[in-house]
Amino acid sequence: MWTQRIKTGLVTTTAAAALLLLAACGPSPSPTGTSSAPPTSSTPSASAPATSSPPSATATPSPSASVTSAAPAAPALCKAASLSAATDATGGGAAGSIYEKLILTNSGTAPCILEGFAGVSLTADANGEPIGEPATRETTTPVTKIELAPGKSAWAEIRYTQAGNYGDCTKAPAAGFRIYPPNDTASFFIPEPHDACSNAGIKLLTITAFQAV
């Protein structure tokens, strides 16, 4: 009977030892509530450099276009079409000569410029050709630029020397003066009878530059 108990106890002891050995060799249980994964170190991501937006192009304000009124046009030259002509013989005479004023008046509606010498000749009639030599320019009077407003006048002096003063003059009757304003090819006829010399070389007329009245 004791032998039986010893065998039973031995078997029990042997079984218990085997179980302990198996438990020691097996994997140890991981503790509950803990994560087996190692903590990952969070590497800070390289933040992209902040790109500053280019400064907005500010439009440089262009200087405001100044409104300028057009400069008034300079007056044109006086022409026969906008002039009237007359003579004034009250200047008298001396030593066989007659002095008179040639007066040109602006009969137009706009100012014009009169400057220089008129062309003057004795002529047979209103439509006739000049007789003899044209007037010689008397340069002792300076040339000036005269702006004639509408209705205003300027004058030059004509000197007529009597044809009888020249013994070699071939006389021819003239009905008046042919007048050309400065820088113009159109002309006026002023009736004023005189004797002309039809032969060349005898100068009966002189004319000064125009002066303002």
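**Entry 1: β10 and its partners**

I began at Y160, which stands opposite L205 in β13. This is a predicted model, so I treat the pairing as the predictor's proposal. I then took the rest of the β10-β13 pairing: 3 bridges join the two strands, which run antiparallel. By its residue range, β10 covers 153-161 and β13 covers 205-208.

Next I looked for what else pairs with β10. Strand β14, residues 211-212, pairs with β10 in the antiparallel sense over 2 bridges. Here W155 stands opposite Q211. I also found 9 bridges between β10 and β4, again antiparallel. Two of the bridge partners I noted are T105 with S153 and K101 with E157.

**Entry 2: T161**

I stayed in β10 and went to T161, which is found in that strand. Is T161 buried or exposed? T161 counts as buried because its relative accessibility is 8%, and the cut-off for buried is under 20%.

I listed the contacts of T161, leaving aside neighbours within four places in sequence: G96, S97, Y166 and L204. With S97 there is also a polar contact, side chain to side chain, at 3.5 Å.

**Entry 3: the other partners of β4**

I moved to β4, residues 97-106. Besides β10, I found β2 (residues 83-88) paired with β4 in the antiparallel sense over 6 bridges. In that pairing, L83 has N106 as its bridge partner.

Strand β3, residues 93-94, also pairs with β4, antiparallel and over 2 bridges. The bridge partner of G93 in β4 is I98. I checked the turn of this hairpin: 2 residues lie between the strands, and A95 takes a positive phi near 50 degrees.

**Entry 4: a second positive phi**

N183 is a residue other than glycine with a positive phi, near 60 degrees. I noted it because most residues other than glycine have a negative phi. Where does N183 lie? N183 is in the loop between β11 and β12. N183 counts as exposed because its relative accessible area is 53%, with the cut-off at over 50%.

**Entry 5: an open sheet**

I traced the strands on either side of that loop into an open sheet of 4 strands, in the order β7-β6-β11-β12, with antiparallel pairing. Which strands are at the edges? They are β7 (130-131) and β12, each of which pairs on one side only.

Inside the sheet, β6 and β11 run antiparallel and are joined by 5 bridges. One bridge I looked up there is that of T123, whose partner in β11 is G176.

**Entry 6: the nonpolar core**

I asked which residues have the most contacts inside the largest nonpolar core. They are L102, V120 and F210, in a core of 35 residues. Strands that each supply at least two residues of this core are β4, β5 (112-115), β6 (119-123), β9 (145-148), β10, β11 (171-180), β12 (188-197) and β13. As background, nonpolar side chains tend to be buried together in soluble globular proteins.

I then listed the contacts of L102, again without neighbours within four places in sequence. A86, T87, A118 and V120 are among them. I also found A154, W155, A156 and I158. The remaining contacts of L102 are I179, I190, I207 and F210. Two of these, V120 and F210, are named above with L102 for their contacts inside the core.

**Entry 7: the whole chain**

I closed with the totals. The chain has 1 helix and 14 strands. Buried residues make up 26% of its 213 residues. Of the contacts with a separation of 6 or more, 75% are between residues 24 or more positions apart. The chain exposes about 14200 Å², of which carbon and sulfur atoms supply 60%.

**Entry 8: confidence**

I looked up the pLDDT last. The chain averages 79, and 68% of the residues score at least 70. Over residues 1-50 the value stays under 50. How many contacts beyond four places in sequence does the model have for residues 1-50? It has 0. I leave that stretch without further comment, because predicted coordinates should not be read in detail where pLDDT is low.

Definitions and conventions: Residues numbered from 1 in each chain as written. Predicted model: local features only at pLDDT ≥ 70, side-chain atom pairs only at ≥ 80, totals over all residues. Heavy atoms only, no water. pLDDT = per-residue confidence, 0-100. Contact = heavy atoms within 4.5 Å. Core = buried A, V, L, I, M, F, W, Y, C linked by side-chain atoms within 4.5 Å. Buried < 20%, exposed > 50% of the residue type's maximum accessible area, 1.4 Å probe, protein only. Pairing = 2+ DSSP bridges. Areas by Shrake-Rupley, 256 points an atom, 1.4 Å probe, with all protein chains shown as cover. Polar contact = N/O pair within 3.5 Å; in protein donor to acceptor, adjacent residues only side chain to side chain.
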